[in-house]
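User: Could you take a close look at the aromatic pairs in this structure for me? I would enjoy one connected walk through them, with some context on the protein around them.

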Amino acid sequence: MSSPQVLLKVENVCQQFGDNLVLRDVNVEIENIEGRGQVVAILGPSGVGKTQFFMILAALRKAASGKVLIGQELKPVRNGQVGVVFQNYYIDPWLTVMQSIIRAGKQTGLSAKQSREKGMSLLGKFGLTERKDYYPAQLSGGQRQRIAIVEQLMCSEHFLLMDEPFSGLDYKAKQDACALINEVAHDQTDGQDNTVIFVTHDIETALMAADRIWFMGRDRDAEGKIVPGARIVEIADLVAEGIAYQPDVQFSPKFLQLAQVIKERFCDPKGPYTS
Ligand SMILES: Nc1ncnc2c1ncn2[C@@H]1O[C@H](COP(=O)(O)OP(=O)(O)O)[C@@H](O)[C@H]1O
Ligand SMILES: [Mg+2]
């Protein structure tokens with residue numbers, strides 16, 4: 001059996017501001033497991049370095065050292081290759097939904113006609129066809145999030161990064177966002193699944209939406225003191241655990257059990273997640 005194709009590889013990534021070492025030798029990869037788009041959650045306490053890692057993954061910031069490689073040939077990630085949805089879902093207030101989408105499509109060399117066709121297909125999938133001529137101010141927060149995702153899917157190469165996509169959402173809206181993230185991962189508009197990586201400090205939504213969780217924390221030395229610089233210290237494979245996303249997965253005994261274990265670890269004063 002041949003080994004699975006690697007979609008993204010992070011090699012020895014370090015980040016430092018002055019003498020503040022934020023990331024230390026982050027090494028992690030995403031394999032293409034046949035038949036499903038990957039959803040990866042980066043989970044860790046506030047301030048640990050998740051957003052810094054996110055910026056490096058998206059090529060929005062340069063790492064002090066190390067590499068992020070993506071695509072068939074595992075080349076260093078370039079700005080624009082990875083779709084990015086920020087916490088505030090920025091979309092241009094002066095353009096209608098369809099105008100924004102056509103602009104995003106043109107950025108990758110599609111014609112206006114091609115952009116409109118691809119955009120209509122994505123809008124249909126996300127239940128937004130009727131909103132195509134609306135301006136952002138006429139949309140709800142949830143609709144803006146969907147439009148921001150559609151725009152990114154117009155111009156990125158099957159990778160979508162989201163920073164804290166659940167922040168400020170109520171319980172039901174969080175569930176809808178989990179479903180949406182999984183729809184995006186399995187969307188085959190271009191005949192290929194998407195890889196979605198999202199950052200969160202929320203244990204439940206990470207468990208609910210992801211196939212795999214990368215836990216970001218810091219090591220301790222022999223005396224139990226924190227070693228500066230976060231890395232991916234643990235990985236949970238939720239597909240193997242049988243609790244990958246499905247509606248109501250959060251009520252299954254296995255899910256609740258794992259959530260409990262993670263909560264205890266996040267509070268352990270000798271563990272990798274407390275300061
Ligand atoms: N521009 C910067 N200059 C110096 N330190 C920074 C800068 N940006 C972030 N940091 C530091 O990086 C660390 C990680 O921040 P961040 O990635 O935002 O955490 P998280 O997203 O996990 O809450 C923090 O300790 C913060 O002080
Ligand atoms: Mg952050």
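Analyst: Happy to help; here is a look at the aromatic pairs, followed by their setting and one residue elsewhere.

Please keep in mind that this is a predicted model. Searching the whole structure turns up 4 aromatic pairs. One of them is formed by Phe166 and Phe198, whose rings meet edge-to-face, with 5.4 Å from centre to centre and 80 degrees between the planes. This pair ties together distant parts of the chain, as its two members are 32 residues apart. Phe166 sits in the loop between β7 (159-163) and α5 (171-185), while Phe198 belongs to strand β8 (residues 195-200). Both Phe166 and Phe198 are buried.

A second arrangement is found at Phe266 and Tyr273. Here the ring centres lie 4.4 Å apart and the planes make an angle of 20 degrees, so this pair counts as stacked; the cut-off for stacking is under 30 degrees. Phe266 is buried, and Tyr273 is buried too. There is also a third ring to consider: Phe215 joins Phe266 and Tyr273 in a cluster linked by ring pairs.

Now for the setting. The protein has 7 helices and 10 strands. Its radius of gyration is 19 Å, close to the 19 Å that the globule rule gives for 275 residues, so the protein is as compact as a globular protein of that length. The C-alpha trace spans about 65 × 45 × 40 Å along its principal axes. Of the 275 residues, 48% count as buried, and Phe166 and Phe198 are buried residues, as are Phe266 and Tyr273. Links between distant parts of the chain show up in the contacts as well: among those between residues at least 6 apart in sequence, 70% join residues at least 24 apart.

Turning to the outside, the accessible surface comes to about 13,400 Å², and 50% of it belongs to carbon and sulfur atoms. The protein carries 30 positive and 33 negative charges, and the mean positions of the two sets are 4 Å apart.

Finally, a residue with some exposure makes a nice contrast to the buried rings. Glu157 lies in the loop between α4 (141-155) and β7. With a relative accessible area of 42%, Glu157 is partly exposed. Apart from neighbours within four places in sequence, Glu157 is in contact with Arg78 and Gln81. As for Ser121, which is 36 residues from Glu157 along the chain, the C-alpha atoms of these two are separated by 17 Å.

Methods. Residues numbered from 1 in each chain as written. Chains lettered and ligands numbered in written order. Predicted model: local features only at pLDDT ≥ 70, side-chain atom pairs only at ≥ 80, totals over all residues. Heavy atoms only, no water. Phe/Tyr/Trp six-rings, centres within 6.5 Å; stacked < 30°, edge-to-face > 60°. Helix = DSSP H or I, 4+ residues; strand = E, 2+ residues; numbered from the N terminus. Buried < 20%, exposed > 50% of the residue type's maximum accessible area, 1.4 Å probe, protein only. Contact = heavy atoms within 4.5 Å. Rg over C-alpha atoms; globule rule 2.2 N^0.38 Å. Areas by Shrake-Rupley, 256 points an atom, 1.4 Å probe, with all protein chains shown as cover. Lys, Arg positive; Asp, Glu negative; His and termini not counted. Charge placed at Lys NZ, Arg CZ, Asp CG, Glu CD.
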